[in-house]
Amino acid sequence: MVRLRSCLAVIFCFGLISIVNASDFPKAAFTTTTSDGNVWVLKFQNDGKFDVTQNGEDAVEGKYKVSKTQIEFVHETGPLAEPDAKTGTYQWEYKDDKLTFDKISDTAEGRSQTLTSGPWDKKEK
């Protein structure tokens, strides 16, 4: 009985490990509207780059790196990029065409507020 439970535990753990991995991260465009009425679009490209627009205007572009359920935003440029910002690390979850971010660590307050303001809805292709 103990051996059976051990086997089931191993199978269950391996199943969980394979459920979420970096390849599951959706490389698509997402949109959200913040409480101040600004419409943001965040687009993840296949080459590890992203870009952000605010109300249709270029705001930020940079690189991202995904590992399991965490994402890092790095090397940002653009009119709304915070020049002294370090890498921002977030926990991500994608469910029902909605992408959410929970801050792990980030010195860029604007980025953090926008990313965690609510769910990001996947845009139609």
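**Exercise 1. A salt bridge between two strands**

Which residue does the side chain of D121 meet in a salt bridge?

*Solution.* The structure is a predicted model, in which local features need pLDDT of at least 70 and side-chain atom pairs count only at pLDDT 80 or more, while totals for chains, interfaces and linings use all residues. Residues are numbered from 1 along each chain as its sequence is written, and side-chain values use heavy atoms, with hydrogens and water left out.

Step 1. Apply the criterion: a salt bridge is a side-chain nitrogen of Lys or Arg within 4 Å of a carboxyl oxygen of Asp or Glu. The side chain of D121 meets that of K98 in such a bridge, at 2.5 Å from N to O.

Step 2. Place the partners, taking helices (H or I, at least four residues) and strands (E, at least two) as DSSP runs numbered from the N terminus. D121 belongs to strand β8 (residues 120-122) and K98 to strand β7 (residues 98-105), so that the pair links distant parts of the chain, 23 residues apart.

Step 3. Consider accessibility, where buried means under 20% relative accessible area, exposed over 50%, and partly exposed in between (1.4 Å probe, protein chains only). D121 counts as partly exposed at 30%, and K98 is likewise partly exposed, with a relative accessible area of 37%.

**Exercise 2. The network around R111**

Find the salt-bridge partners of R111, and state which residues are linked in a network.

*Solution.* Step 1. The search of the whole structure finds 4 salt bridges. In one of them R111 pairs with E76, with the closest N and O atoms 2.8 Å apart, and this pair also links distant parts of the chain, since R111 lies in helix α2 and E76 in strand β5, 35 residues apart.

Step 2. R111 forms a further salt bridge with D106, where the closest N and O atoms are 2.6 Å apart. E76, D106 and R111 are therefore linked in a network of salt bridges.

Step 3. R111 is buried, with a relative accessible area of 11%, and D106 also counts as buried, at 11% relative accessibility.

**Exercise 3. The largest pocket**

How many residues line the largest pocket, and which are the closest to its centre?

*Solution.* Step 1. Fix the terms: on a 1 Å grid over the protein atoms alone, a pocket is an open set of points where a 1.4 Å probe fits, with protein on both sides within 12 Å along at least five of seven lines, and lining residues have an atom within 4 Å of a point. The volume is the space filled by probe spheres set on the points.

Step 2. The largest pocket holds about 260 Å³ of space. It is lined by 16 residues, of which W40, V60, G110, R111 and T114 are the closest to its centre.

Step 3. At least two lining residues come from each of β2 (39-44), β3 (49-54), β5 (70-77) and α2 (109-115), and α2 supplies the largest share, 4 residues.

Step 4. Sort the lining by class, with Ala, Val, Leu, Ile, Met, Phe, Trp, Tyr, Cys and Pro as nonpolar, Asp, Glu, Lys and Arg as charged, and the others, Gly among them, as polar. The lining then has 11 nonpolar, 2 polar and 3 charged residues.

**Exercise 4. The nonpolar core**

Which residues in the largest nonpolar core touch the most other members?

*Solution.* Step 1. A nonpolar core is a set of buried Ala, Val, Leu, Ile, Met, Phe, Trp, Tyr and Cys residues joined through side-chain atoms within 4.5 Å. Of the 21 residues in the largest such core, F44, I71, F73 and F101 touch the most other members.

Step 2. Two or more core residues come from each of β2, β3, β4 (57-67), β5, β6 (88-95) and β7, with β4 giving the most, 4 residues.

Step 3. Contacts, meaning heavy atoms within 4.5 Å, can be listed for F73 without counting residues up to four places away in sequence; among its partners are F44, F101, R111 and L115.

**Exercise 5. Backbone angles**

Where are H75 and D97, which have a positive phi, placed in the chain?

*Solution.* Step 1. Most residues other than glycine have a negative phi. H75, although not a glycine, has a positive phi of about 50°, and D97, also not a glycine, has one of about 60°.

Step 2. H75 is in strand β5 and is exposed, with a relative accessible area of 63%. D97 is found in the loop between β6 and β7 and counts as partly exposed, at 42% relative accessibility.
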